[in-house]
Amino acid sequence: MTKLHQLADLGQAIWLDYIRRSFIEQGDLESLVHDGLRGVTSNPSIFEKAIAGSNDYDEALRRLSGEGKSVREIYETLAVEDIQRAADVLRPVYDETGGDDGYVSLEVSPDLAYDTEGTIEEARSLFAAVDRPNVMIKVPATPEGTPAIETLIGEGINVNVTLMFSLDQYDAVSEAYLSGLETLDAQGGDLSSVASVASFFVSRVDVKVDRMLDDIGTPAAQELKGTIGIANAKMAYQRFKATFNRERWQDLEDKGARRQRVLWASTSTKDPTYSDTLYPDNLIGAHTVNTLPPSTLNAFRDHGTVALTLETQLLTERARLEKLDDLGINLDQVTDELLEEGVEKFAKPFSDLMESIEEKVNRLESNGQRMETRLGDYQKAVDAALGQMAQEDIVDRIWRHDHTVWKADPGEITNRLDWLHIARTMKENVPRLEALVEEVRADGYTHALLLGMGGSSRAPDVFRRTFGVKQGYLDLAVLDSTDPDAVLSHLERLDLERTLFIVASKSGTTTETLSFFKFFYNHVVSVSSEGEAGDHFVAITDPGTDLADLAEKHNFRALFLNDPDIGGRYSALSYFGLVPAALIGVDVPRLLDNALTMASGCESCVVVGENLGAQLGAALGELTKAGRDKVTFAISPDFASFGDWVEQLIAESTGKSGTGILPVVGEPLGGPEVYADDRFFVHLRLDGDETHDAQLAELQEAGHPVVRLNVDGLYDMGEQIFLWEMAVAVAGYRLGIHPFNQPNVEAAKVQARRMVERYREEGELPSGESSPPHPQVLRDFLDQAPSGGSPSPNSDRGYIALHAYLQPTVRNDAALLALRSQLRDRYKLATTVGYGPSFLHSTGQLYKGDAGNGLFIQLTSDAARDAEIPDEAGSPESGITFGLLEKAQALGDRQAMEDADRRVIRFHLGDDVLEALDQLAEGAA
């Protein structure tokens, strides 16, 4: 017996808030029904994402468009077909329960939320079109919707009443239901033939109230966070019991009427720090329905608790509501606002749905494809891999958080998979981001500096370079270098009184990040006061970290606690990426919507042969196993910075256990003559951009595998982020590695700490072995590389990595680019470039964890000046400088590389970095 069957025994039916064509056709719905699912509700947002992000409806869209149907007619035809199919799957449940369950819900247009007669007319039309006894028509509980509910029930039409937030709404809706039954009875109708549920929304109450509690900020306010939604729902259930225990109801029940069950809606947690089964666990009771999205359903099936909880702690719940009122928060006003906002939230997905249908029809007419693969002979291996994935239900198991896809041990897997759902969660948290942005703009802030490393900094930097800064928003820069010139350059250019600092670290203990914070905090204090300095700082971290404590201690303007079940490199669509994105004026909801569109195309109900994440992941894995392990990116110029984010994702996820995929980003394309047979090219092509078309066509003709990803616009960044997250997870499965840990990253940190400890004890760092930057020395070192030839499946063909412990500047960028280009052309080896210590938090894992075929060139210099790192924020005492820290990190990294038997050479460039780099480049020509 499953948990869903156990819940049914307690009187609660579980319905699924999800429907799409492939989910029905592939048998997924039928399988869930077998496991105890008892109903389905439709959702225009899911429908829209399925149309835009998958091939589910392509055939039907071509047919209906060819028949000359309008966009609205196409929608209604598709929706009715889906509802009919789902109703037929659920019909056995309807029959077995005597009509109590087995329903599928379809909503009237949100445009009719305030139109009584329009709602009645459309509900009649939809009910007749579906022509199934187990369909419910969703009608919102607006003042105009309530009389429509009464009329529809009186006509024997099943109604799912939506958007209920308050007890007053519940009273009005239950009255409409009873009055409708009485009308039906007076007309001689069969009361047993009509059913209704009253959908009471839960988590949205907490989202809104929690923000108000945060604004109050007192301990008493904080204690109420995450409790009011459940308390409000439990009071509604008490109203339900009272309503259906009165004599008026008893007379109707005697004539065959069914209770209008309370349905719990909005039951996924929107605060990523709350339990993902918070609402299902606490709202279990008789005569109820709980409608869950797939992620919450999977979570409850995995670790939810089955027990009657709906009538527990009622005195405590009432006390919480009284305390809320004592704090000055009027719950009635909150729920009134939620109803108004709810109508708007339903209207926008419906509008987006119409637009998506039109756009998809146009794309189909032009034969446009999101992904095109030209893999040559490798396609057979990829197809075989996809076949195996289908047999093993890999995609479905990924969505169910099944760690055995990768390893038997769940460590750092089951608690690293919330990236699958974070885009939907973050949509509910957009108001908090918007509130921060408006607050700092109103306070006169004009600039922001993000202090972070690796996964905490890559996405913000990409967003800034891709989208720029919207007029009137904060000009963001990212500091991820301990080079003293880099640190001081930001200090000198910024007006500290008008700068917001974003301190970002998942662990909350990142050495570089905390060093940056202490440095800038002290300088902010110098232009304001210690009491006011905290207003200049925002923290993003996991719950319970040292950084969270620092934010409280120093009274930061805001603290964003991220979902702890997401790894750093998978955190672009969480607070780590979206707080900075909002500050520069990125349309965050649009970015998230695009991510959800791609997620829809990667879901388990999409057959693997059409699942973009599965296809791309299989290609990455199989080509790597065949020796094509250097995935080389050619990206349209306006989208090019995306490569810096995907570089970390691929390298840190796959570079371990003696294997790895080397992401080659920023290396200029060359002709076929400069490449060996270890390359796999990926073309991210913005619509209309032809920059790389000719060269990639030539490379494809020469036999190199090429994948082209067609990008419609900059906001497709959201799609690409999710696509690559899924693809890399799939590639990890194909390669037999754990894609969510980073076992070798700590090695360089340990060595750097030892260097710092030595400095504290002896007053100096070891000088470290270095070579003069002479071209012949470089050539002698690189002559260790394999000379070329077609690789075997276990190719040992190497690559060249430049590790630049230098100040990141435009001039240094250009000099390093010239050097890597010369090295690539001379040796036919893939090249990468990373500034230290930043790369240690991204590609550093691959360099120490792969097969060991890289040739590593460490570049250091003499900094022109230095800056002290305070021992504590607000203290003038300092035991180390940024220059010493950078040197310790370079020395530590080299030692870690040598300990891992990597081939590494260090060139100390002195104080004229550009001249030394030019020398090396000329010698490599």
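Is Arg132 buried or exposed, or does its relative accessible area place it in between? Arg132 is partly exposed, at 22% relative accessible area. The legends below describe a predicted model.

**Figure 1. A salt bridge joins Arg132 and Asp88.** The two side chains meet at 2.8 Å, N to O. The pair links distant parts of the chain, 44 residues apart. Arg132 sits in the loop between α7 (116–130) and β4 (135–140). Asp88 belongs to helix α6 (residues 71–96). Asp88 is partly exposed, with a relative accessible area of 43%.

**Figure 2. Arg557 and Glu439 form a salt bridge.** Their side chains meet at 2.6 Å, N to O. This pair, too, connects distant parts of the chain, with their positions 118 residues apart. Arg557 lies in the loop between α26 (546–553) and β14 (558–561). Glu439 lies in helix α21 (residues 430–442). Arg557 is buried, at 18% relative accessible area. Glu439 counts as partly exposed, at 37%.

**Figure 3. Arg902 and Asp850 pair between two loops.** The salt bridge spans 3.2 Å, N to O. Arg902 lies in the loop between α37 (882–899) and β24 (903–908). Asp850 lies in the loop between α36 (844–849) and β21 (854–860), so the pair ties together parts that are 52 residues apart in sequence. Arg902 counts as buried, at 12% relative accessibility. Asp850 also counts as buried, at 10%.

**Figure 4. Six residues are linked in a network of salt bridges.** The members are Glu48, Lys49, Lys348, Asp352, Lys427 and Asp593. A search of the whole structure finds 65 salt bridges. Side chains of opposite charge can pair when their charged atoms come close.

**Figure 5. The largest nonpolar core holds 105 residues.** Met389, Trp419, Phe633, Trp645 and Trp724 touch the most other members. Helix α32 (residues 717–735) supplies the largest share of this core, 13 residues. A second, separate core has 91 residues, including Leu126, Ile149, Leu152 and Phe300. In soluble globular proteins, nonpolar side chains tend to be buried together.

**Figure 6. Met389 and its contacts.** Residues up to four places away in sequence are not counted. Met389 touches Ile394, Val395, Val608, Ala614 and Ala618. Met389 also touches Val730, Tyr733 and Arg734.

**Figure 7. The second largest pocket encloses about 1,500 Å³ of space.** Its lining has 46 residues. Asp461, Arg465, Asp644, Asp813 and Tyr835 are the closest to its centre. The lining divides into 21 nonpolar, 13 polar and twelve charged residues. Helix α35 gives the largest share, six residues. Several elements each supply at least two lining residues, among them α22 (458–467), β11 (475–479), α23 (484–493) and β20 (830–835).

**Figure 8. Phe501 is buried in strand β12.** The strand covers residues 499–504. Phe501 has a relative accessible area of 0%. Leaving aside neighbours within four places in sequence, Phe501 is in contact with Leu449, Leu451, Leu496, Phe520, Val524, His536, Phe537 and Val538. Phe501 and Ala477 are 24 residues apart in sequence and 9.8 Å apart in space, C-alpha to C-alpha.

Technical notes
Residues are numbered from 1 along each chain as its sequence is written. This is a predicted model: local features need pLDDT of at least 70, side-chain atom pairs count only at pLDDT 80 or more; totals for chains, interfaces and linings use all residues. Side-chain values use heavy atoms; hydrogens and water are left out. A nonpolar core is a set of buried Ala, Val, Leu, Ile, Met, Phe, Trp, Tyr and Cys residues joined through side-chain atoms within 4.5 Å. Buried means under 20% relative accessible area, exposed over 50%, partly exposed in between (1.4 Å probe, protein chains only). Helices (H or I, at least four residues) and strands (E, at least two) are DSSP runs, numbered from the N terminus. Contact means heavy atoms within 4.5 Å. On a 1 Å grid over the protein atoms alone, a cavity is a set of points where a 1.4 Å probe fits but cannot get out, and a pocket is an open set with protein on both sides within 12 Å along at least five of seven lines; lining residues have an atom within 4 Å of a point. Grid points are joined across faces, edges and corners, and a volume is the space filled by probe spheres set on the points. Ala, Val, Leu, Ile, Met, Phe, Trp, Tyr, Cys and Pro count as nonpolar, Asp, Glu, Lys and Arg as charged, and the others, Gly among them, as polar. A salt bridge is a side-chain nitrogen of Lys or Arg within 4 Å of a carboxyl oxygen of Asp or Glu.
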